[in-house]
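Thank you all for coming; please have a look at the structure as it comes up, and then I will walk you through it piece by piece.

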There are 2 protein chains.
Amino acid sequence: MRKGDATKARILDETARQAAVKGFGAVSLNDVAEAVGLSKSGLFKHFESKEVMELATLDQGFDRFVEFVWTPTQALPPGRPRLEKIFDRWLDWSEVENAAGGCLIVAASVELDDQPGPLRDLLIRRTKQWRKALAREVKALRDPQLSDEEAAVVIFQMKSYVLGHADGKRLMGDSTARKAARAAFAALLDRAAAG
Amino acid sequence: MRKGDATKARILDETARQAAVKGFGAVSLNDVAEAVGLSKSGLFKHFESKEVMELATLDQGFDRFVEFVWTPTQALPPGRPRLEKIFDRWLDWSEVENAAGGCLIVAASVELDDQPGPLRDLLIRRTKQWRKALAREVKALRDPQLSDEEAAVVIFQMKSYVLGHADGKRLMGDSTARKAARAAFAALLDRAAAG
DNA sequence: ACAGAAAGTGACCGATCGTGCTCTTTGAGC
DNA sequence: GCTCAAAGAGCACGATCGGTCACTTTCTGT
(Lines give C-alpha, C1' and ligand atoms only; values in the text may rest on other atoms or scores of the structure.)
Protein backbone atom coordinates (compact mmCIF):
# COMPACT_ATOMS: atom_id res chain seq x y z
CA MET A 1 0.00 0.00 0.00
CA ARG A 2 2.98 2.31 -0.39
CA LYS A 3 2.95 2.72 -4.13
CA GLY A 4 -0.63 3.90 -3.95
CA ASP A 5 0.17 6.66 -1.49
CA ALA A 6 2.84 8.10 -3.75
CA THR A 7 0.44 8.13 -6.69
CA LYS A 8 -2.26 9.69 -4.56
CA ALA A 9 0.09 12.48 -3.59
CA ARG A 10 0.96 13.13 -7.22
CA ILE A 11 -2.71 13.28 -8.09
CA LEU A 12 -3.39 15.78 -5.33
CA ASP A 13 -0.46 17.96 -6.36
CA GLU A 14 -1.55 18.01 -9.97
CA THR A 15 -5.18 18.69 -9.09
CA ALA A 16 -4.09 21.56 -6.86
CA ARG A 17 -2.00 23.00 -9.66
CA GLN A 18 -4.79 22.84 -12.18
CA ALA A 19 -7.40 24.12 -9.74
CA ALA A 20 -5.20 27.11 -8.94
CA VAL A 21 -4.93 27.90 -12.63
CA LYS A 22 -8.40 27.13 -13.98
CA GLY A 23 -10.52 26.89 -10.87
CA PHE A 24 -12.00 23.77 -9.33
CA GLY A 25 -15.05 23.96 -11.56
CA ALA A 26 -12.94 23.73 -14.70
CA VAL A 27 -10.66 20.86 -13.72
CA SER A 28 -11.36 17.69 -15.69
CA LEU A 29 -10.41 14.19 -14.63
CA ASN A 30 -8.97 13.55 -18.06
CA ASP A 31 -6.49 16.41 -17.81
CA VAL A 32 -5.41 15.40 -14.33
CA ALA A 33 -5.04 11.74 -15.27
CA GLU A 34 -3.04 12.57 -18.35
CA ALA A 35 -0.70 14.93 -16.49
CA VAL A 36 -0.08 12.35 -13.79
CA GLY A 37 0.39 9.60 -16.34
CA LEU A 38 -2.65 7.57 -15.42
CA SER A 39 -5.81 6.48 -17.12
CA LYS A 40 -8.97 8.26 -16.10
CA SER A 41 -10.36 5.17 -14.43
CA GLY A 42 -7.14 4.77 -12.51
CA LEU A 43 -8.03 7.88 -10.56
CA PHE A 44 -11.06 6.13 -9.12
CA LYS A 45 -8.87 3.62 -7.34
CA HIS A 46 -7.73 6.51 -5.15
CA PHE A 47 -10.87 8.66 -4.91
CA GLU A 48 -14.44 7.50 -5.11
CA SER A 49 -15.57 10.62 -6.94
CA LYS A 50 -14.36 13.91 -8.30
CA GLU A 51 -15.79 15.76 -5.32
CA VAL A 52 -13.87 13.62 -2.84
CA MET A 53 -10.73 14.27 -4.86
CA GLU A 54 -11.35 18.00 -4.72
CA LEU A 55 -11.94 17.90 -0.99
CA ALA A 56 -8.69 16.03 -0.44
CA THR A 57 -6.90 18.49 -2.71
CA LEU A 58 -8.08 21.54 -0.84
CA ASP A 59 -7.39 19.94 2.52
CA GLN A 60 -3.85 19.07 1.50
CA GLY A 61 -3.52 22.56 0.06
CA PHE A 62 -4.08 24.03 3.49
CA ASP A 63 -1.64 21.57 5.02
CA ARG A 64 1.01 22.65 2.56
CA PHE A 65 0.21 26.32 3.14
CA VAL A 66 0.57 26.08 6.92
CA GLU A 67 3.69 23.98 6.53
CA PHE A 68 5.27 26.53 4.24
CA VAL A 69 4.12 29.79 5.79
CA TRP A 70 3.72 29.12 9.48
CA THR A 71 5.80 26.15 10.58
CA PRO A 72 9.25 27.53 9.75
CA THR A 73 8.52 30.69 11.74
CA GLN A 74 7.97 28.91 15.02
CA ALA A 75 11.68 28.92 15.74
CA LEU A 76 11.64 32.72 15.91
CA PRO A 77 10.67 34.70 19.00
CA PRO A 78 6.95 35.54 19.17
CA GLY A 79 5.76 38.98 18.21
CA ARG A 80 7.13 41.17 15.48
CA PRO A 81 10.03 39.03 14.22
CA ARG A 82 7.83 35.99 13.87
CA LEU A 83 4.97 37.92 12.29
CA GLU A 84 7.23 39.59 9.78
CA LYS A 85 8.54 36.21 8.74
CA ILE A 86 5.01 34.86 8.39
CA PHE A 87 4.11 37.76 6.14
CA ASP A 88 7.21 37.27 4.05
CA ARG A 89 6.61 33.58 3.66
CA TRP A 90 3.01 34.32 2.77
CA LEU A 91 4.12 36.54 -0.08
CA ASP A 92 6.59 33.87 -1.15
CA TRP A 93 3.81 31.32 -1.11
CA SER A 94 1.99 32.95 -4.02
CA GLU A 95 4.93 34.61 -5.71
CA VAL A 96 7.58 31.89 -5.58
CA GLU A 97 6.31 28.57 -4.27
CA ASN A 98 3.20 28.75 -6.46
CA ALA A 99 4.48 31.04 -9.17
CA ALA A 100 2.54 29.09 -11.76
CA GLY A 101 -1.11 29.21 -10.81
CA GLY A 102 -0.99 31.26 -7.67
CA CYS A 103 -2.40 30.45 -4.27
CA LEU A 104 -4.98 27.69 -4.35
CA ILE A 105 -6.71 29.05 -1.28
CA VAL A 106 -7.21 32.51 -2.78
CA ALA A 107 -8.50 30.97 -5.99
CA ALA A 108 -10.88 28.74 -4.05
CA SER A 109 -12.04 31.64 -1.87
CA VAL A 110 -13.08 33.74 -4.85
CA GLU A 111 -14.61 30.82 -6.70
CA LEU A 112 -16.50 29.22 -3.85
CA ASP A 113 -17.67 32.18 -1.83
CA ASP A 114 -21.13 31.89 -3.34
CA GLN A 115 -21.26 28.20 -4.15
CA PRO A 116 -22.53 26.26 -1.13
CA GLY A 117 -21.35 22.71 -0.66
CA PRO A 118 -18.82 20.54 1.15
CA LEU A 119 -15.92 22.19 -0.64
CA ARG A 120 -16.88 25.64 0.59
CA ASP A 121 -17.56 24.28 4.06
CA LEU A 122 -14.06 22.85 4.20
CA LEU A 123 -12.61 26.10 2.90
CA ILE A 124 -14.37 28.16 5.56
CA ARG A 125 -13.48 25.77 8.36
CA ARG A 126 -9.79 25.72 7.57
CA THR A 127 -9.67 29.45 6.90
CA LYS A 128 -11.13 30.07 10.37
CA GLN A 129 -8.57 27.71 11.82
CA TRP A 130 -5.74 29.57 10.12
CA ARG A 131 -7.17 32.88 11.29
CA LYS A 132 -7.08 31.65 14.86
CA ALA A 133 -3.45 30.65 14.63
CA LEU A 134 -2.68 34.00 13.05
CA ALA A 135 -4.54 35.86 15.81
CA ARG A 136 -2.30 34.28 18.44
CA GLU A 137 0.78 35.55 16.63
CA VAL A 138 -0.66 39.02 16.16
CA LYS A 139 -1.70 39.43 19.78
CA ALA A 140 1.89 38.86 20.87
CA LEU A 141 2.91 42.06 19.12
CA ARG A 142 2.64 44.10 22.31
CA ASP A 143 3.45 43.25 25.90
CA PRO A 144 0.00 43.72 27.25
CA GLN A 145 -1.36 41.56 24.48
CA LEU A 146 -3.55 43.08 21.80
CA SER A 147 -7.27 42.65 22.31
CA ASP A 148 -9.35 40.50 20.00
CA GLU A 149 -10.63 43.61 18.26
CA GLU A 150 -7.19 45.11 17.80
CA ALA A 151 -5.88 41.82 16.45
CA ALA A 152 -8.81 41.62 14.02
CA VAL A 153 -7.90 45.02 12.62
CA VAL A 154 -4.31 43.94 12.06
CA ILE A 155 -5.34 40.65 10.47
CA PHE A 156 -7.77 42.39 8.14
CA GLN A 157 -5.10 44.72 6.83
CA MET A 158 -2.45 42.03 6.76
CA LYS A 159 -4.58 39.76 4.61
CA SER A 160 -5.58 42.73 2.48
CA TYR A 161 -1.96 43.44 1.65
CA VAL A 162 -1.39 39.78 0.78
CA LEU A 163 -4.33 39.89 -1.60
CA GLY A 164 -3.20 43.21 -3.02
CA HIS A 165 0.25 41.81 -3.59
CA ALA A 166 -1.09 38.76 -5.41
CA ASP A 167 -3.37 40.90 -7.55
CA GLY A 168 -0.66 43.35 -8.51
CA LYS A 169 2.11 40.84 -9.05
CA ARG A 170 0.27 38.02 -10.74
CA LEU A 171 -2.24 39.76 -12.99
CA MET A 172 -0.55 43.07 -13.70
CA GLY A 173 3.01 41.85 -13.47
CA ASP A 174 3.80 44.71 -11.12
CA SER A 175 7.32 44.08 -9.89
CA THR A 176 6.94 46.71 -7.15
CA ALA A 177 4.01 44.89 -5.56
CA ARG A 178 6.15 43.09 -3.06
CA LYS A 179 7.90 46.23 -1.91
CA ALA A 180 4.56 48.01 -1.59
CA ALA A 181 3.13 45.17 0.44
CA ARG A 182 6.14 44.97 2.73
CA ALA A 183 6.15 48.72 3.33
CA ALA A 184 2.44 48.77 4.08
CA PHE A 185 2.78 45.87 6.45
CA ALA A 186 5.75 47.36 8.27
CA ALA A 187 3.77 50.55 8.81
CA LEU A 188 0.86 48.49 10.09
CA LEU A 189 3.09 46.79 12.64
CA ASP A 190 4.40 50.17 13.78
CA ARG A 191 0.86 51.40 14.34
CA ALA A 192 -0.13 48.21 16.13
CA ALA A 193 2.84 48.26 18.44
CA ALA A 194 2.34 51.94 19.26
CA GLY A 195 -1.48 51.94 19.48
CA MET B 1 -32.84 45.92 -34.66
CA ARG B 2 -34.10 47.06 -31.27
CA LYS B 3 -35.43 43.79 -29.92
CA GLY B 4 -32.06 42.18 -30.52
CA ASP B 5 -30.22 44.74 -28.46
CA ALA B 6 -32.43 44.15 -25.46
CA THR B 7 -31.89 40.40 -25.69
CA LYS B 8 -28.18 40.90 -26.10
CA ALA B 9 -28.09 42.96 -22.93
CA ARG B 10 -29.97 40.27 -21.03
CA ILE B 11 -27.51 37.66 -22.26
CA LEU B 12 -24.56 39.75 -21.15
CA ASP B 13 -26.08 40.37 -17.74
CA GLU B 14 -26.79 36.71 -17.20
CA THR B 15 -23.36 35.64 -18.42
CA ALA B 16 -21.76 38.16 -16.08
CA ARG B 17 -23.79 36.84 -13.19
CA GLN B 18 -22.86 33.25 -13.86
CA ALA B 19 -19.22 34.05 -14.53
CA ALA B 20 -19.00 35.90 -11.24
CA VAL B 21 -20.40 32.87 -9.44
CA LYS B 22 -18.76 29.94 -11.23
CA GLY B 23 -15.96 31.55 -13.18
CA PHE B 24 -15.78 32.09 -16.92
CA GLY B 25 -14.36 28.63 -17.46
CA ALA B 26 -17.39 26.97 -15.92
CA VAL B 27 -20.13 28.93 -17.69
CA SER B 28 -22.07 26.83 -20.19
CA LEU B 29 -24.09 28.16 -23.10
CA ASN B 30 -26.96 25.92 -22.12
CA ASP B 31 -27.26 27.41 -18.64
CA VAL B 32 -27.09 30.96 -19.95
CA ALA B 33 -29.63 30.28 -22.70
CA GLU B 34 -32.01 28.63 -20.30
CA ALA B 35 -31.77 31.43 -17.74
CA VAL B 36 -32.39 34.06 -20.40
CA GLY B 37 -35.25 32.05 -21.90
CA LEU B 38 -33.61 31.31 -25.21
CA SER B 39 -32.53 28.23 -27.07
CA LYS B 40 -28.82 27.56 -27.19
CA SER B 41 -28.64 28.24 -30.90
CA GLY B 42 -30.43 31.54 -30.34
CA LEU B 43 -27.33 32.79 -28.55
CA PHE B 44 -25.34 32.47 -31.75
CA LYS B 45 -27.51 35.09 -33.43
CA HIS B 46 -25.94 37.60 -31.04
CA PHE B 47 -22.41 36.25 -30.62
CA GLU B 48 -20.41 34.26 -33.10
CA SER B 49 -18.76 32.16 -30.41
CA LYS B 50 -18.57 31.64 -26.68
CA GLU B 51 -15.28 33.52 -26.53
CA VAL B 52 -16.75 36.59 -28.20
CA MET B 53 -19.62 36.44 -25.75
CA GLU B 54 -17.22 36.30 -22.84
CA LEU B 55 -15.24 39.22 -24.18
CA ALA B 56 -18.39 41.31 -24.56
CA THR B 57 -19.44 40.28 -21.05
CA LEU B 58 -16.21 41.37 -19.43
CA ASP B 59 -16.11 44.58 -21.42
CA GLN B 60 -19.63 45.48 -20.39
CA GLY B 61 -18.72 44.44 -16.84
CA PHE B 62 -16.09 47.15 -16.76
CA ASP B 63 -18.51 49.67 -18.23
CA ARG B 64 -21.00 48.91 -15.51
CA PHE B 65 -18.30 49.07 -12.85
CA VAL B 66 -17.07 52.49 -13.91
CA GLU B 67 -20.62 53.71 -14.29
CA PHE B 68 -21.51 52.58 -10.80
CA VAL B 69 -18.33 53.39 -8.88
CA TRP B 70 -16.79 56.36 -10.63
CA THR B 71 -19.38 58.31 -12.60
CA PRO B 72 -21.62 59.35 -9.71
CA THR B 73 -18.63 60.76 -7.82
CA GLN B 74 -17.71 63.28 -10.50
CA ALA B 75 -20.18 65.78 -9.07
CA LEU B 76 -18.15 65.97 -5.86
CA PRO B 77 -15.11 68.18 -5.40
CA PRO B 78 -11.82 66.46 -6.32
CA GLY B 79 -9.60 65.09 -3.61
CA ARG B 80 -10.68 63.48 -0.40
CA PRO B 81 -14.48 63.81 -0.66
CA ARG B 82 -14.51 62.35 -4.13
CA LEU B 83 -12.09 59.57 -3.26
CA GLU B 84 -14.01 58.57 -0.17
CA LYS B 85 -17.13 58.30 -2.26
CA ILE B 86 -15.33 56.17 -4.83
CA PHE B 87 -14.14 53.84 -2.12
CA ASP B 88 -17.61 53.59 -0.66
CA ARG B 89 -19.21 52.88 -3.98
CA TRP B 90 -16.50 50.32 -4.64
CA LEU B 91 -17.44 48.44 -1.49
CA ASP B 92 -21.10 48.72 -2.45
CA TRP B 93 -20.27 47.32 -5.84
CA SER B 94 -19.35 43.91 -4.45
CA GLU B 95 -21.43 43.97 -1.29
CA VAL B 96 -24.73 45.38 -2.54
CA GLU B 97 -24.89 45.79 -6.31
CA ASN B 98 -23.42 42.35 -6.90
CA ALA B 99 -24.39 40.69 -3.64
CA ALA B 100 -25.02 37.43 -5.46
CA GLY B 101 -21.82 36.42 -7.16
CA GLY B 102 -19.51 39.23 -6.18
CA CYS B 103 -17.41 41.44 -8.41
CA LEU B 104 -16.92 39.99 -11.88
CA ILE B 105 -13.62 41.80 -12.25
CA VAL B 106 -12.14 40.32 -9.10
CA ALA B 107 -13.33 36.87 -10.12
CA ALA B 108 -11.85 37.30 -13.57
CA SER B 109 -8.57 38.64 -12.17
CA VAL B 110 -8.01 35.58 -10.01
CA GLU B 111 -9.13 33.16 -12.68
CA LEU B 112 -7.30 34.64 -15.64
CA ASP B 113 -4.06 35.84 -14.12
CA ASP B 114 -2.27 32.78 -15.46
CA GLN B 115 -4.38 31.96 -18.49
CA PRO B 116 -3.13 33.91 -21.50
CA GLY B 117 -5.60 34.86 -24.19
CA PRO B 118 -7.83 37.66 -25.46
CA LEU B 119 -9.93 37.60 -22.31
CA ARG B 120 -6.93 38.22 -20.09
CA ASP B 121 -5.63 40.86 -22.47
CA LEU B 122 -8.91 42.71 -22.23
CA LEU B 123 -8.91 42.39 -18.46
CA ILE B 124 -5.42 43.82 -18.17
CA ARG B 125 -6.11 46.64 -20.61
CA ARG B 126 -9.22 47.83 -18.84
CA THR B 127 -7.70 47.39 -15.39
CA LYS B 128 -4.82 49.63 -16.41
CA GLN B 129 -7.30 52.15 -17.74
CA TRP B 130 -9.21 52.14 -14.46
CA ARG B 131 -5.97 52.48 -12.53
CA LYS B 132 -5.12 55.59 -14.53
CA ALA B 133 -8.45 57.21 -13.77
CA LEU B 134 -8.01 56.30 -10.14
CA ALA B 135 -4.50 57.76 -10.07
CA ARG B 136 -5.84 61.14 -11.17
CA GLU B 137 -8.28 61.16 -8.29
CA VAL B 138 -5.65 60.09 -5.78
CA LYS B 139 -3.12 62.69 -6.83
CA ALA B 140 -5.64 65.44 -6.09
CA LEU B 141 -5.54 64.49 -2.42
CA ARG B 142 -2.93 67.16 -1.64
CA ASP B 143 -2.44 70.67 -3.00
CA PRO B 144 0.98 70.09 -4.41
CA GLN B 145 -0.29 66.96 -6.10
CA LEU B 146 0.98 63.57 -5.00
CA SER B 147 3.77 62.12 -7.12
CA ASP B 148 3.24 59.05 -9.25
CA GLU B 149 5.04 56.95 -6.65
CA GLU B 150 3.01 58.32 -3.76
CA ALA B 151 -0.20 57.73 -5.67
CA ALA B 152 0.86 54.17 -6.44
CA VAL B 153 1.29 53.47 -2.75
CA VAL B 154 -2.19 54.80 -1.98
CA ILE B 155 -3.75 52.84 -4.83
CA PHE B 156 -2.05 49.64 -3.75
CA GLN B 157 -3.43 49.90 -0.25
CA MET B 158 -6.81 51.12 -1.42
CA LYS B 159 -7.30 48.15 -3.70
CA SER B 160 -5.94 45.86 -1.01
CA TYR B 161 -8.66 46.99 1.38
CA VAL B 162 -11.30 46.46 -1.28
CA LEU B 163 -10.05 42.92 -1.81
CA GLY B 164 -9.84 42.31 1.91
CA HIS B 165 -13.38 43.57 2.34
CA ALA B 166 -14.69 41.25 -0.38
CA ASP B 167 -12.83 38.30 1.07
CA GLY B 168 -14.03 38.89 4.60
CA LYS B 169 -17.60 39.77 3.76
CA ARG B 170 -18.36 37.33 1.00
CA LEU B 171 -16.58 34.16 2.03
CA MET B 172 -16.47 34.45 5.79
CA GLY B 173 -19.67 36.44 6.20
CA ASP B 174 -17.79 38.89 8.37
CA SER B 175 -20.22 41.73 9.01
CA THR B 176 -17.43 43.95 10.38
CA ALA B 177 -15.48 43.81 7.13
CA ARG B 178 -16.92 47.02 5.82
CA LYS B 179 -16.15 48.95 8.99
CA ALA B 180 -12.62 47.57 9.00
CA ALA B 181 -12.11 48.56 5.38
CA ARG B 182 -13.48 52.04 5.90
CA ALA B 183 -11.34 52.62 8.96
CA ALA B 184 -8.21 51.40 7.23
CA PHE B 185 -8.92 53.58 4.22
CA ALA B 186 -9.61 56.67 6.30
CA ALA B 187 -6.27 56.20 8.07
CA LEU B 188 -4.60 55.78 4.69
CA LEU B 189 -6.04 59.09 3.49
CA ASP B 190 -4.82 60.80 6.65
CA ARG B 191 -1.32 59.52 6.05
CA ALA B 192 -1.41 60.48 2.38
CA ALA B 193 -2.61 64.01 3.08
CA ALA B 194 -0.04 64.52 5.82
CA GLY B 195 2.94 62.80 4.12
C1' DA C 1 -49.36 46.21 -46.25
C1' DC C 2 -45.58 44.08 -47.86
C1' DA C 3 -40.81 42.62 -48.37
C1' DG C 4 -36.74 41.42 -46.36
C1' DA C 5 -33.88 41.20 -42.62
C1' DA C 6 -33.41 40.05 -37.89
C1' DA C 7 -34.54 36.91 -34.15
C1' DG C 8 -35.26 32.50 -32.59
C1' DT C 9 -36.18 27.09 -32.81
C1' DG C 10 -35.02 22.19 -33.08
C1' DA C 11 -32.40 18.59 -34.66
C1' DC C 12 -27.98 17.12 -34.93
C1' DC C 13 -22.63 16.85 -34.95
C1' DG C 14 -18.18 15.20 -32.84
C1' DA C 15 -15.88 15.77 -28.60
C1' DT C 16 -15.57 15.51 -23.81
C1' DC C 17 -17.70 15.24 -19.27
C1' DG C 18 -17.90 12.07 -14.75
C1' DT C 19 -18.44 7.33 -13.71
C1' DG C 20 -19.19 2.13 -13.75
C1' DC C 21 -17.62 -2.28 -15.43
C1' DT C 22 -14.46 -6.05 -16.39
C1' DC C 23 -10.08 -7.34 -17.02
C1' DT C 24 -4.91 -7.46 -16.39
C1' DT C 25 -0.67 -6.23 -14.16
C1' DT C 26 1.94 -5.33 -10.15
C1' DG C 27 3.63 -5.33 -5.63
C1' DA C 28 3.73 -6.61 -0.69
C1' DG C 29 3.17 -10.10 3.26
C1' DC C 30 3.73 -14.71 4.60
C1' DG D 1 7.96 -17.97 -4.25
C1' DC D 2 3.22 -18.00 -3.78
C1' DT D 3 -0.97 -15.58 -2.94
C1' DC D 4 -4.15 -12.16 -2.92
C1' DA D 5 -5.26 -7.65 -2.67
C1' DA D 6 -4.01 -3.24 -4.49
C1' DA D 7 -3.08 -0.54 -8.66
C1' DG D 8 -4.21 0.47 -13.02
C1' DA D 9 -5.91 -0.22 -18.17
C1' DG D 10 -9.59 -0.27 -21.47
C1' DC D 11 -14.08 0.20 -22.87
C1' DA D 12 -18.53 1.80 -22.77
C1' DC D 13 -22.49 4.50 -20.78
C1' DG D 14 -25.55 8.61 -20.75
C1' DA D 15 -25.18 13.43 -20.30
C1' DT D 16 -23.48 17.64 -21.66
C1' DC D 17 -20.07 20.49 -24.08
C1' DG D 18 -19.55 24.32 -28.01
C1' DG D 19 -21.14 24.81 -32.49
C1' DT D 20 -23.75 24.27 -37.35
C1' DC D 21 -27.61 24.28 -40.33
C1' DA D 22 -32.08 24.47 -42.19
C1' DC D 23 -36.20 26.21 -41.00
C1' DT D 24 -39.95 29.31 -38.94
C1' DT D 25 -41.48 33.34 -36.61
C1' DT D 26 -41.31 38.10 -35.66
C1' DC D 27 -40.14 42.62 -36.18
C1' DT D 28 -38.95 46.85 -38.80
C1' DG D 29 -38.34 50.18 -42.56
C1' DT D 30 -40.71 51.79 -46.45
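Let me begin at one DNA strand, where a backbone N or O atom of Leu29(A) lies 2.9 Å from a phosphate oxygen of DNA strand C; a polar contact here is a pair of N or O atoms within 3.5 Å, and within protein one atom must be able to donate a hydrogen and the other to accept it, while residues adjacent in sequence count only if both atoms are side-chain atoms. Before going further, I should say that this is a predicted model, in which local features need pLDDT of at least 70 and side-chain atom pairs count only at pLDDT 80 or more, whereas totals for chains, interfaces and linings use all residues. Residues are numbered from 1 along each chain as its sequence is written, chains are lettered from A and ligands numbered from 1 in the order in which they are written, and side-chain values use heavy atoms, with hydrogens and water left out.

Staying with DNA strand C, a polar side-chain atom of Lys40(A) is 3.1 Å from a base nitrogen of the strand, and from the other chain an N or O atom in the side chain of Thr7(B) is 3.3 Å from a phosphate oxygen. Which residues come nearest to DNA strand C? There are 19 residues around the strand, and those that come nearest are Lys50(A), Ser39(B), Ser41(B), Lys45(B) and His46(B), where a residue is near a strand if one of its heavy atoms lies within 4 Å of it. Sugar and phosphate make up 50% of the atoms of DNA strand C that come within 4 Å of the protein.

As for the elements behind this surface, at least two residues each are supplied by helix H2 (29-36) and helix H3 (40-43) of chain A, and by helix H1 (2-22) and H3 of chain B; helices are DSSP runs of H or I with at least four residues, numbered from the N terminus. The largest share, three residues, comes from H1(B). By class, the surface near DNA strand C has five nonpolar, 10 polar and four charged residues, with Ala, Val, Leu, Ile, Met, Phe, Trp, Tyr, Cys and Pro counted as nonpolar, Asp, Glu, Lys and Arg as charged, and the others, Gly among them, as polar.

Now to DNA strand D, which is also surrounded by 19 residues, of which Ser39(A), Ser41(A), His46(A), Leu29(B) and Lys50(B) come nearest. Here sugar and phosphate account for 54% of the strand's atoms that come within 4 Å of the protein. A polar backbone atom of Ser39(A) is 2.6 Å from a phosphate oxygen of DNA strand D, and a polar backbone atom of Leu29(B) is 2.9 Å from a phosphate oxygen of this strand. A base is reached as well, since an N or O atom in the side chain of Lys45(A) is 3.1 Å from a base oxygen of DNA strand D. The largest share of the surface near DNA strand D, three residues, comes from H1(A), and its residues divide into five nonpolar, nine polar and five charged.

How are the two protein chains related to each other? Chain B can be laid on chain A with an RMSD of 0.0 Å by a turn of 180° and a shift of 0.0 Å along the axis, the copies being superposed by least squares on the C-alpha atoms of residues with pLDDT of at least 70 in both. The two copies are thus related as by a two-fold rotation axis. In chain B, the C-alpha nearest the axis belongs to Ser160(B), at 2.3 Å.

The sequence neighbour to look at next is Lys159(B), placed in helix H8 (residues 148-171) of chain B. At 12% relative accessibility, Lys159(B) counts as buried, a word that means under 20% relative accessible area, with exposed over 50% and partly exposed in between (1.4 Å probe, protein chains only). Not counting residues up to four places away in sequence, Lys159(B) touches Asp167(A), Trp90(B), Thr127(B) and Arg131(B), contact being heavy atoms within 4.5 Å.

Finally, the aromatic rings: the count comes to 15 aromatic pairs over all chains, where rings of Phe, Tyr and Trp (its six-membered ring) pair if their centres lie within 6.5 Å, and planes under 30 degrees apart count as stacked, over 60 as edge-to-face and the rest as tilted. The rings of Phe156(A) and Tyr161(B) have centres 6.5 Å apart and planes at 20°, so this pair is stacked. Both Phe156(A) and Tyr161(B) are buried.
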